[in-house]
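Here is a short guided walk through a protein model, written for someone who likes to keep the structure open while reading. Please have the viewer ready.

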Amino acid sequence: MTATDPTAADPGTQADLRLHVDALAEAGRGAGVFDDHHPPSDELISDCVHCGFCLPTCPTYALWGEEMDSPRGRIYLMKLGKEGAVEMDDTYAQHFDACLGCMACVTACPSGVQYDQLIEAVRPQLERNHRRGLLDRLFRGLIFSLFPYPSRLRVAAVLGELYRRLGLRSLAHRTGAVRLLPRRLQAVEALMPPAKLRHLATRTPAVTPAVGTMRRRVGFLTGCVQRVFFADVNQATVRVLTAEGCEVVAPPTQRCCGALSEHAGREPEALDRARALIDAFAEVEVDTIVANVAGCGSTLKEYGRMLRDDAVYAERAAAFSAKVRDVSELLAELGPVAPRHPIEARVAYHDACHLGHAQGVRSQPREVLGTIPGLQVTDIPEAEICCGSAGIYNLVNPEPAEELGRRKVEHVLSVAPDALATANPGCLLQIRRYWPGDLPMFHPVELLDASIRGVDPVTARGGRGRPSLDARTAEPGTF
Amino acid sequence: MTAYTEEYRGLVAQLSGGEVTEAFRREVAALVGEGGLISEPAQLRTYECDGLTGYRVTPALVVLPATTEEVAAVVRLCARDRIPFVARGAGTGLSGGALPVADGIVIGLARMRAVLSVDVADQRAVVQPGVTNAGISAAVARHDLYFAPDPSSQVVCTIGGNVAENSGGAHCLKYGFTTNHVLALTFVTPDGDVVTLGGDAPDQVGPDLRAVVLGSEGTLGIVTEVTVRLLRRPEVVRTLVADFPHPEAAGNAVSDIVAAGIVPAAVEMLDELAIEACEKAVQAGYTLGCPAALVVELDGVAAEVDEEFAQVQEICRRNGTTNLRVADDAQERARIWKGRKAAFAAMGRISPDYFVQDGVIPRTKLGSTLTRIRQMSDEAGLRVANVFHAGDGNLHPLVLYNGAVDGEAERAEHLATAIVELCVEQGGSITGEHGVGSDKACSMTAMFGPDDLTVMARVRAAFDPQGICNPGKVLPTPRLCGERPGPYRPHPLEAAGVIERM
Ligand SMILES: Cc1cc2nc3c(=O)[nH]c(=O)nc-3n(C[C@H](O)[C@H](O)[C@H](O)COP(=O)(O)OP(=O)(O)OC[C@H]3O[C@@H](n4cnc5c(N)ncnc54)[C@H](O)[C@@H]3O)c2cc1C
Ligand code: SF4
Ligand code: SF4
């Protein structure tokens, strides 16, 4: 499935990731094991009073019950790092690598500790100052030379589809050949979404006029993975926004927003992408910039902080961030105008971490779904715990991701829904991977789109998908 | 007069312990697997303190067993080699109870977190020690049952820790502490035997050893299974928040409520600073700037609760309440409690550092004690926030300070100690629910005479003759407390560089 040569474009070689701080990094002065380019701040670290309230919502603590893989422990490790009391070795790095960046701890912390800022300061430090093993570097390099590039992804998707359609996939599974792949490649194989070939050619138009009176002119982030594998979500988003009176502008020059790079600590790469995206939207005059992918939206909202040192971009980045809204935020703010048709179904809503924890957007998607007559929206138990998708986490840390995925599926099963709605494609792929049988899964805007257009999406996607309990045990090696 | 008897000295004298060698490590690994063992220095350091970060000691090894048998096997190795061990739940203790012992091991129960069985008809559940307090209630909620003790830390603290500390919470006024809700324990003694203490029936034949273990702060052995008593959710719950112009008025209202023969489920009080912190954290709707707010909750059968609730409101008005907020629904009530329960941890919002103090005073001394605390706080030039279980006089003054300012930590510590001593002086106690641990061991002599301490030491030695089970906690070690424990001495371990404070 590699259409690209991972080594040619390999941004994974350490040199590429170094900022111009080598001398300081060598000395490590004043920052313990960290270099002087934004080490985790002492003030933020000292906000933590060690109360442990964040422990139960941390997915890695839930899995392993180890202090150093809890938010409190990680903050403690940062403190030790700042003091120079430990070394930045594999052991040290491993505990930050294991962090999903789900930000459940930020929600849980009564003291307002900004773990999001702390971990985002540590990751680039590790990328710069810690040398990973060769395989790890190659694998990360592969991911980052593929995902952020829609053109390459399309090629990969076609190859993936061929692999599936030619029966190679089932052959590989029947014969157990997939098991020969390293765990991480198995994860890529299993998560690879089925791309509809007709979607691969779909592009969002540069401008789509509002239906009826224009209420707002919005910019639309089409996303990299989203645009290739979830083109129908993008189409639905545009239809819903226009139906609700928005003129939707999608600059064709836009590329990856840098979210995946940012979450992996690849700071220079993330910053380049951020600047390029700001430029892409510079021409269009919009009041709001809409994202329909939780992970992208949360990063767009961080541009201001990410580019704070950039004399040219700092101000523009802050202004850009201030305009960013998740699609459900915008829809809730605008209020419904397009008439809805009923959808009689029970839908479990899964809070994507990057929407709920990172952006604090929880009520809006429920509110928006609530405008659909007949639709019953249910919450999932243990909603605050991550499903294990977390950007590229399920690719680089397949084992814990699998445990979390299965745990999430158990909880979704417990509410016996007809369908699942979530605003992040990563969560969708992750939950689908461990779902026994077929559960129709939607982005909330897809349900809204169906309601506005008057179709029943749940039946259209394979009916009431409540799996029988047998289905769960029928799949070998499951549960 | 000396504070200790010769017998006491002999009983608590530290026998020289064994050493955690590579061979020992391998033996432990053979029992629990490499995955159940933590031995990298950086990782070990994350276990060096609990919720009280002032004391820190790095353990030689952390073991995370998965079963009672594994715990017992590890303890047997410790007993054989005389290696001290310290149990640890979620590490939220506020008295340094789970502070490791240098050259000793920590036995973490965080992986033993299964709810083993629920007996709905008999209203009991058997759980492993690492299950969180709130986790028990969550597991039985669909049967309309719950576990009554509700420490503010309930979302995270473990039942094992609750048993060890005999923890309580807001609702202990009416429902009692952990000890009133634990029927039986599976218990690993310091020589590695597995025994059952207590039983399913509420009354046991013979002395109640279960009760001896409750509140023993991990010094008698390790709890590996707990049979808890579950209560049926009350038919109705009514909650209000009443603002008062000064703490004395609130204190009088509490006394009047109790005098009227009402047993509220909870009566909590927050002062101005505490309100500021929790509003910053969770926006629970408390009135900013209000000098004292009372949270009063009644529960039980509808007719009775309604009548008493009206009475409580009347009492609040009589004592000059400036605002009465009655929770209309479960959501509103949850908000009120969320604010109250976040209050400690939310102190980080208004101060870089703080000490949580825990003392008990007779309820009638509430107003005067608070006035004294305010004077002491002014004299020390440090802010003190107060959150407390007003119903049973369990005071939680929070001394706020900035560790980055030279000398402020010491001043804060002195003030905190002076405040507990004030409690004893008022006829109260040095701890309500957070335990003695490492923090207050030396203050024990302020409350107990030589004979009392000797009896306690005998009990402990009966369980743990080698002195390897959480040594140095609860009972004062004469050498470490200075022969005549005064409040303001630096800890000799500190001077020796063995432990450090922030
Ligand atoms: C913000 C905050 C609020 C709090 N509010 C309250 C409150 O309202 N009421 C209250 O009572 N406490 C409160 N506490 C204190 C603390 O949460 C309780 O003491 C709790 O019971 C400790 O549980 P833990 O699992 O964290 O135990 P730890 O801190 O890990 O250990 C506490 C003690 O128990 C021992 N121990 C732990 N597990 C076992 C076991 N399985 N067998 C034997 N010994 C064991 C340890 O050795 C140690 O001595 C609060 C703490 C914080 C940080
Ligand atoms: S909840 Fe907040 S203050 Fe408490 S340990 Fe976690 S990060 Fe620190
Ligand atoms: S971001 Fe998520 S995984 Fe990381 S420490 Fe916080 S809760 Fe744990």
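The sections below cover a sheet in chain B, some strands in chain A, the nonpolar cores, two ligand shells and a few loop residues.

## A four-stranded sheet in chain B

Please keep in mind throughout that this is a predicted model. A good place to start is chain B, where four strands form an open sheet in the order 1-2-4-3, with mixed pairing. Strand 1 (37-38) and strand 3 of chain B are the edge strands; each has a single partner, so one side of each is left without a neighbour in the sheet. Helix 4 (residues 68-81) of chain B packs on this sheet and touches strand 2, strand 3 and strand 4 of chain B. The direction of helix 4 makes about 165° with that of strand 4 of chain B.

Strand 4 of chain B (residues 105-108) is worth a closer look. Ile105(B) and Ile107(B) point one way from this strand, while Val106(B) and Gly108(B) point the other way, and all are buried. Strand 4 of chain B pairs in the parallel sense with strand 2 (residues 61-63) of chain B over three bridges, and Leu61(B) has Ile105(B) as its bridge partner there. Strand 3 (residues 85-88) of chain B also runs parallel to strand 4 of chain B, joined to it by four bridges. Along that pairing, Phe85(B) has Ile105(B) as its bridge partner, and Val86(B) stands opposite Val106(B). Ile105(B) is thus a bridge partner of Leu61(B) and of Phe85(B).

## Parallel strands in chain A

Chain A has a strand 4 of its own, at residues 288-291. Thr288(A) and Val290(A) point one way from it, Ile289(A) and Ala291(A) point the other way, and all are buried.

Strand 2 (residues 216-220) of chain A runs parallel to strand 4 of chain A, and three bridges join them. Within this pairing, Val218(A) has Thr288(A) as its bridge partner. Strand 4 of chain A also pairs in the parallel sense with strand 5 (residues 324-326) of chain A, again over three bridges. In that pairing, Val290(A) stands opposite Arg325(A).

## The nonpolar cores

In soluble globular proteins, nonpolar side chains tend to be buried together. Which residues touch the most other members of the largest nonpolar core? Out of its 76 residues, they are Tyr92(A), Phe96(A), Tyr115(A), Leu270(B), Tyr286(B), Met347(B) and Leu398(B). Helix 10 (residues 272-282) of chain B supplies the largest share of this core, with seven residues. Apart from this core lies another one of 61 residues, including Cys224(A), Ala250(A), Val347(A) and Val445(A).

Phe96(A) makes a handy landmark in the largest core. Leaving aside neighbours within four places in sequence, Phe96(A) is in contact with Arg74(A), Leu77(A), Met78(A), Ile119(A), Val122(A), Arg123(A) and Leu126(A).

## Around ligands 2 and 3

There are 13 residues around ligand 2, and the ones that come nearest are Cys48(A), Cys51(A), Gly52(A), Cys54(A) and Cys109(A). By class, the shell of ligand 2 divides into nine nonpolar, three polar and one charged.

Around ligand 3 you will find Cys58(A), Pro59(A), Pro71(A), Arg74(A), Cys99(A), Leu100(A), Gly101(A), Cys102(A), Met103(A), Cys105(A) and Tyr115(A). This shell has nine nonpolar, one polar and one charged residues. Two of these names have come up already: Arg74(A) is among the contacts of Phe96(A), and Tyr115(A) belongs to the largest nonpolar core.

## Loop residues in chain B

Back in chain B, Arg82(B) is found in the loop between helix 4 and strand 3. Its phi is near 55°, a positive value in a residue other than glycine. With 31% relative accessibility, Arg82(B) counts as partly exposed. Asp144(B), in the loop between helix 5 (133-140) and strand 7 (145-146) of chain B, also has a positive phi, about 65°, although it is not a glycine. Asp144(B) is partly exposed, with a relative accessible area of 40%.

Finally, where does Pro245(B) lie? Pro245(B) sits in the loop between strand 12 (236-244) and helix 9 (247-259) of chain B, and at 38% relative accessibility it counts as partly exposed. Not counting residues up to four places away in sequence, Pro245(B) touches Pro291(B), Gly320(B) and Thr322(B).

Notes: Residues are numbered from 1 along each chain as its sequence is written. Chains are lettered from A and ligands numbered from 1 in the order in which they are written. This is a predicted model: local features need pLDDT of at least 70, side-chain atom pairs count only at pLDDT 80 or more; totals for chains, interfaces and linings use all residues. Side-chain values use heavy atoms; hydrogens and water are left out. A residue is near a molecule or strand if one of its heavy atoms lies within 4 Å of it. Ala, Val, Leu, Ile, Met, Phe, Trp, Tyr, Cys and Pro count as nonpolar, Asp, Glu, Lys and Arg as charged, and the others, Gly among them, as polar. Helices (H or I, at least four residues) and strands (E, at least two) are DSSP runs, numbered from the N terminus. Buried means under 20% relative accessible area, exposed over 50%, partly exposed in between (1.4 Å probe, protein chains only). Contact means heavy atoms within 4.5 Å. Two strands pair if DSSP finds at least two bridges between them. Axes are lines fitted to C-alpha atoms, for helices over the stretch in contact, and angles run from 0 to 180 degrees between N-to-C directions. A nonpolar core is a set of buried Ala, Val, Leu, Ile, Met, Phe, Trp, Tyr and Cys residues joined through side-chain atoms within 4.5 Å.
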